[in-house]
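Got your viewer open and a hand on the mouse? Let's walk through this one stop by stop, picking something to select each time.

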Amino acid sequence: MAEQQTRSGEKQELKRKINFWKWVCLALFLIIAGFFGWIYLSIFVLNPTEEPTPAIKSNHKNVEFSTSTSKADLNKLIQTYIDDFSDDEDIGYDVYVANNVIFKAEAKIFDEPIQMKLIFSPSVKKNGDVVLKLKDMAVGALPLPVSYVMSFVNKTYKFPKWVTVIPKKQEIYLDLNKLKLKGDTKVRADALNLKKDDISFTLLVPVN
């Protein structure tokens, strides 16, 4: 009887060991299967097989490039434009920027040769155009009214089509939308703080 009980106990112990190793093998199998499943998902599901292609077409008619410059470089640009506009002939006036925009010319008023200097304060409009507001002027020793001087400048000197002298408002309007550079590139002013040398523009380059 005791021998039968011993054998029964040994069988139960063996059965427990077999069940234990069965669960261990099952757990290892699940771990391995899960590991390879994670690899599969990472490669073929979570990561796309092809890189997304960026759009190569745009509906915009112009490509915009922002640029900033200094007063020294802006003066070079102004002088180059005046030379091209005048075909290197003397147009009778000079324009340059310091802390303001300066217009200088030699002229005859009432048959008197005089040195004319007009000082303008620039401001940028929302559409990117520029307004030059007359701040001060010196016309030799002649005490002339501002409206007369502005009218004289408008009638005497030749300006590009995008420059409009408005004597009644004592200002000059720069319609930069009409200013076309090489390749029909247009310009829009963003900032024009001459005292702080904060000068920036946006170039609008046409695209097909």
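Start with the aromatic rings: searching the whole structure turns up seven aromatic pairs. Keep in mind as you look that this is a predicted model. Now select Tyr93, Phe103, Phe152, Tyr157 and Phe159 and show their side chains; ring pairs join these residues into a cluster.

While you have rings on screen, add Phe85 and Lys158. The charged end of Lys158 sits over the Phe85 ring, 5.4 Å from the ring's centre.

**Next stop: charges**

How many salt bridges does the structure hold? There are four. Pick Glu64 and Arg188 to see one of them: their side chains meet with an N to O distance of 3.4 Å. Colour the strands and you'll find Glu64 in strand E1 (residues 62–69) and Arg188 in strand E8 (residues 186–193), so this pair ties together parts that are 124 residues apart in sequence.

Keep Arg188 selected and add Asp190. Here is another salt bridge, at 3.9 Å, N to O. With both pairs in view, you can see Glu64, Arg188 and Asp190 linked in a salt-bridge network.

Switch on a surface and check how these three sit. Glu64 has 49% relative accessibility, so it counts as partly exposed. Arg188 comes in at 25%, which also makes it partly exposed, and Asp190, at 37%, is partly exposed as well.

Now move to Asp175 and Lys178, whose side chains meet in a salt bridge at 3.9 Å, N to O. Is Asp175 buried or exposed? With a relative accessibility of 18%, Asp175 counts as buried, because the cut-off for buried is under 20%. Its partner Lys178 has 54% and counts as exposed.

**Last stop: zoom out**

Drop the side chains and go to cartoon view. The protein chain has three helices and nine strands. Trace the chain along its sequence and the pattern reads α-β-α-β-β-β-β-α-β-β-β-β.

Then colour by accessibility: 28% of the chain's 208 residues count as buried. As a full surface, the protein chain exposes about 15600 Å², with carbon and sulfur atoms supplying 57% of that area.

If you can draw contacts, finish there. Taking contacts in the protein chain with a separation of 6 or more, 46% are between residues 24 or more positions apart. The Glu64 and Arg188 salt bridge you selected earlier is a handy pair to go back to, with its two ends in strands E1 and E8.

Conventions
Residues numbered from 1 in each chain as written. Predicted model: local features only at pLDDT ≥ 70, side-chain atom pairs only at ≥ 80, totals over all residues. Heavy atoms only, no water. Helix = DSSP H or I, 4+ residues; strand = E, 2+ residues; numbered from the N terminus. Buried < 20%, exposed > 50% of the residue type's maximum accessible area, 1.4 Å probe, protein only. Phe/Tyr/Trp six-rings, centres within 6.5 Å; stacked < 30°, edge-to-face > 60°. Lys NZ or Arg CZ within 6 Å of the ring centre and 35° of its normal. Contact = heavy atoms within 4.5 Å. Areas by Shrake-Rupley, 256 points an atom, 1.4 Å probe, with all protein chains shown as cover.
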